[in-house]
Amino acid sequence: MIKSKKKIIFGWSKSHYSKCDYFEASNDEQINDIFDYAKKNHKKIALRGGGRSYGDNTLNKDNIVLKFSPKINIFLFDKIKGEITVSGSCKLIELIKFIVPDGWMLYVSPASQFITVAGSISNNVHGKNCVSKGYFGDYVEEIEILTPDKGLVKCSKFENTEFFYSIISGLGGFGVILKVKIILRKIKTIKIITETVHVAN
């Protein structure tokens with residue numbers, strides 16, 4: 001069993017904080033140990049990704065805050081289809097740096113590139129193009145999640161569908177998102193179409 005640290009956790013706005021038992025886990029076994037510890041000690045768990053949430057959804061006063069930090073973040077990349085499988089802890093900046101050289105981009109990207117994929121799904125984030133392209137969750141194909149009650153669950157738009165859509169916008173309330181398959185958008189050109197409009201003043 002990995003040991004916790006007594007830690008003060010802040011939200012991104014720095015307006016709220018809480019003292020908690022802070023854990024970092026790198027694999028399924030460690031996560032399950034923390035789940036068992038929480039059950040035995042009647043503690044609640046809040047999950048933390050990049051710590052960029054504006055609100056207090058990753059704070060958990062006098063309880064457990066768990067951060068998933070695996071050794072590998074990128075697993076499979078289909079450069080033909082434009083599909084990539086990454087860990088939930090993969091930050092968007094790492095993902096973008098990996099896919100852009102091969103001509104791919106995320107369909108939806110929020111203001112901060114330092115949030116995690118799991119955080120993007122749990123908050124169903126959006127960018128400036130949400131009117132035309134929707135939300136981050138619209139481009140998630142599959143999710144592999146480790147839950148305290150059901151264990152490891154694989155879900156998609158076609159398998160465990162209700163659970164799949166519950167995880168999207170679920171604020172991390174169902175378990176630790178281990179792996180995610182995401183659909184990417186092809187970069188057609190690096191040129192930008194512009195229009196110049198002259199005004200009197």
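**An open sheet, a helix and a hairpin**

In this predicted model, strands E1, E2, E4 and E3 line up in that order to make an open sheet with mixed pairing. The edges belong to E1 (5–10) and E3, each of which has a pairing partner on one side only. Going from one strand to the next, the twist averages 45 degrees. As for what holds such an arrangement together, strands of a sheet pair through backbone hydrogen bonds, either parallel or antiparallel.

Take E1 and its partner E2 (residues 17–25): these two run antiparallel and are joined by six bridges. Within this pair, Lys5 sits opposite Tyr22 of E2. Helix H1, covering residues 28–40, packs on the sheet and touches E2, E3 and E4. The direction of H1 makes about 140 degrees with that of E2.

Next comes a loop residue. Asn63 is found in the loop that runs between strand E3 (45–48) and strand E4 (64–68). Is Asn63 buried or exposed? Its relative accessibility is 15%, and because anything under 20% is classed as buried, Asn63 counts as buried. Setting aside neighbours within four places in sequence, the residues in contact with Asn63 are Cys20, Asp21, His42, Lys43 and Lys44. Of these contacts, Cys20 and Asp21 fall within the residue range of E2, 17–25.

Further along the chain there is a hairpin, with three residues joining E8 to E9. Strand E8 spans residues 140–147 and strand E9 residues 151–156, and the two pair in the antiparallel sense over six bridges. Among the paired positions, Glu142 has Ser156 in E9 as its bridge partner.

Note on methods. Residues numbered from 1 in each chain as written. Predicted model: local features only at pLDDT ≥ 70, side-chain atom pairs only at ≥ 80, totals over all residues. Heavy atoms only, no water. Pairing = 2+ DSSP bridges. Helix = DSSP H or I, 4+ residues; strand = E, 2+ residues; numbered from the N terminus. Buried < 20%, exposed > 50% of the residue type's maximum accessible area, 1.4 Å probe, protein only. Contact = heavy atoms within 4.5 Å. Axes fitted to C-alpha atoms, helices over the stretch in contact; angles between N-to-C directions.
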